[in-house]
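Good morning, colleagues. Please take a moment to look over the structure on the screen before I begin.

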Amino acid sequence: GLLSAFNKGISGGGFGPVVTAGQVISGQNHKNAIGVTTFAEGPICVAGFLSYLLASAAKASSVSLWYLPFPEFMQLCAAAVRWDLVLALGLGTMMAAPVGPLFTRSMNSRWVVPVLGAIITVLVVLTLVLRIKT
């Protein structure tokens, strides 16, 4: 979990497939593994976003953040983020969030592990290909 969270913080991706696969391989029920991973990703993403805001505000400010008045701090944070993208990602997440548990609940245990393995393999290959190209 710590390694996956560190990877998520550094690269922005890879948490879900790594943690879910690790739990399934170690014998955890696939439905519990998916649920725990999904639940854990939320706080990790929030912490990463807040860290990004703080770092962006610190970079843009000429004084220490400790001495910066709160309204100016908020202006620096607002300028550091493309809020239209945050809104689009947030709305997409809220629309997709109910689908995941419903889909997981209806899955047949017999074919979940092979499908999960195939999805994880495709994600790993895509990640490697995209990392090599950049």
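I shall speak about the aromatic pairs and then about the pockets.

Please keep in mind that this is a predicted model. A pair of aromatic rings is described by the distance of the centres and the angle of the planes. There are two such pairs in this structure.

Let me begin with F49 and W83. The centres of their rings are 6.0 Å apart and the planes meet at 80°; an angle over 60 degrees counts as edge-to-face, so that is the class of this pair. Where do F49 and W83 lie? F49 belongs to helix α3, residues 30-60, and W83 to helix α5, residues 83-96. The pair therefore ties together parts that are 34 residues apart in sequence. As for accessibility, F49 has a relative accessible area of 29% and is partly exposed. W83, at 40%, is also counted as partly exposed.

The other pair is formed by F70 and F73. Here the distance from centre to centre is 6.4 Å and the angle between the planes is 40°, which makes the pair tilted. Both residues sit in helix α4, residues 70-80, and because they are three residues apart, about one helical turn separates them. Are these two residues buried or exposed? F70 is exposed, with a relative accessible area of 56%, whereas F73, at 17%, counts as buried.

I turn now to the pockets. The largest pocket holds about 810 Å³ of space. Its lining consists of 25 residues, and those closest to the centre are I34, T38, E41, G100 and T104. Which elements give two or more residues to this lining? They are α2 (15-25), α3, α5, α6 (99-106) and α7 (109-133). The most comes from α7, which gives seven residues. By character, the lining of the largest pocket comprises 15 nonpolar, eight polar and two charged residues.

The second largest pocket has a volume of about 510 Å³. It is lined by 15 residues, and nearest its centre lie C45, V46, F49, V86 and L89. F49 thus appears here again, having been introduced as the partner of W83. The elements that give two or more residues to this lining are α3 and α5, and α3 gives the most, with seven residues. The lining of the second largest pocket divides into 10 nonpolar residues, four polar and one charged.

To close, I would return to helices α3 and α5: they hold F49 and W83 respectively, and both give residues to the linings of the largest pocket and the second largest pocket. Thank you for your attention.

Technical notes:
Residues numbered from 1 in each chain as written. Predicted model: local features only at pLDDT ≥ 70, side-chain atom pairs only at ≥ 80, totals over all residues. Heavy atoms only, no water. Phe/Tyr/Trp six-rings, centres within 6.5 Å; stacked < 30°, edge-to-face > 60°. Helix = DSSP H or I, 4+ residues; strand = E, 2+ residues; numbered from the N terminus. Buried < 20%, exposed > 50% of the residue type's maximum accessible area, 1.4 Å probe, protein only. 1 Å grid on protein atoms, 1.4 Å probe; cavity = no way out; pocket = protein on both sides within 12 Å on 5 of 7 lines; lining within 4 Å. Points joined across faces, edges and corners; volume = space filled by probe spheres on them. Nonpolar A, V, L, I, M, F, W, Y, C, P; charged D, E, K, R; others polar.
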